[in-house]
Amino acid sequence: MSDSHSGFVPLLHVRLAPEEALRRAREFCAELVTRRSVRHFSSDPLPDGVLDLCIAAAASAPSGANKQPWSFVVVKDPATRQLLRHAVEEEERRFYAERISAQWREDLRPIGTSWEKPYVEEAPALIVVFRQTHGVEGDRRMAHYYTQESVGIAVGFLLAALHHAGIATLTHTPAPMQFLERLLQRPANERAFMLIPVGYPAEGCRVPNLPRKSLDEVRVVR
Ligand code: IYR
């Protein structure tokens, strides 16, 4: 990142007519609410360039002091996906056998998950998002701020961008995730944040019929 930028520039902003604002808000909402977490992927490849554009959109997210404390590792290589599947399943097998609480198991029942994670191998690509606890410039350690919030916002942008491009995603968070740092050879300042399989849903893919809270349950007006 160049640090030669300085000062302020005019904001590029077009004020929309109220009807147009409402139309766009309605359209965007209608589009986003159709996003579902997908666990059954076709192996069909994605169009060239789409992932890069979606990652560029994600990397435009706001972040603490504009430190942009993220890396997006794209894994397409089948051997690496297979390796990651086995590593993920090893962790998840332990999670489902030993670490999960009775309440947690009950809460996951409607989603129908288990330790088996074929999608890590079957999806044509994985985007593994890393959070940088601090920056590194030469031998200097540079402070980063609000990294969890910053990377969370970037992942939100990424999921929305991929969905807008017609690409299905899953937000997978194997716990613990340190094996991803090791297997993907990330530097010491990076922590795995999320593993996102991306692709097209498998033919006949089904998703759990999960309710969403109504607007009245989530929106408070004071
Ligand atoms: N990481 C496990 C368990 C899991 C936890 C939550 I919270 C979910 O919403 C879904 C799954 C898994 O991926 O199976």
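Q: Which pocket is the space taken by the ligand?
A: The ligand occupies the second largest pocket. A pocket is an open set of points on a 1 Å grid over the protein atoms alone, with protein on both sides within 12 Å along at least five of seven lines, and a molecule sits in one if more than half of its atoms lie within 2 Å of its grid points. This is a predicted model: local features need pLDDT of at least 70, side-chain atom pairs count only at pLDDT 80 or more, and totals for chains, interfaces and linings use all residues. Residues are numbered from 1 along each chain as its sequence is written, and side-chain values use heavy atoms, leaving out hydrogens and water.

Q: What makes Tyr-96 a polar contact of the ligand?
A: A polar side-chain atom of Tyr-96 is 2.4 Å from a ligand oxygen, and a polar contact needs a pair of N or O atoms within 3.5 Å, so this pair qualifies. The side chain of Lys-117 has an N or O atom 2.5 Å from an oxygen atom of the ligand, and for His-172 the distance is 3.2 Å. The protein buries 71% of the 380 Å² that the ligand exposes when taken alone.

Q: Why is the pair of Phe-95 and Tyr-96 called edge-to-face?
A: Their ring centres are 5.1 Å apart, with 85° between the planes. Rings pair if their centres lie within 6.5 Å, and planes over 60 degrees apart count as edge-to-face (under 30 is stacked, the rest tilted), so the name fits. Phe-95 also pairs edge-to-face with Trp-104, at 4.8 Å and 80°. Together, ring pairs link Phe-95, Tyr-96 and Trp-104 into a cluster.

Q: How do you know whether Phe-95 is buried or exposed?
A: Its relative accessibility is 9%, and buried means under 20%, exposed over 50% and partly exposed in between (1.4 Å probe, protein chains only), so Phe-95 is buried. Tyr-96, at 12%, is buried too, while Trp-104, at 45%, is partly exposed.

Note on methods: Phe/Tyr/Trp six-rings, centres within 6.5 Å; stacked < 30°, edge-to-face > 60°. Polar contact = N/O pair within 3.5 Å; in protein donor to acceptor, adjacent residues only side chain to side chain. Areas by Shrake-Rupley, 256 points an atom, 1.4 Å probe, with all protein chains shown as cover. 1 Å grid on protein atoms, 1.4 Å probe; cavity = no way out; pocket = protein on both sides within 12 Å on 5 of 7 lines; lining within 4 Å.
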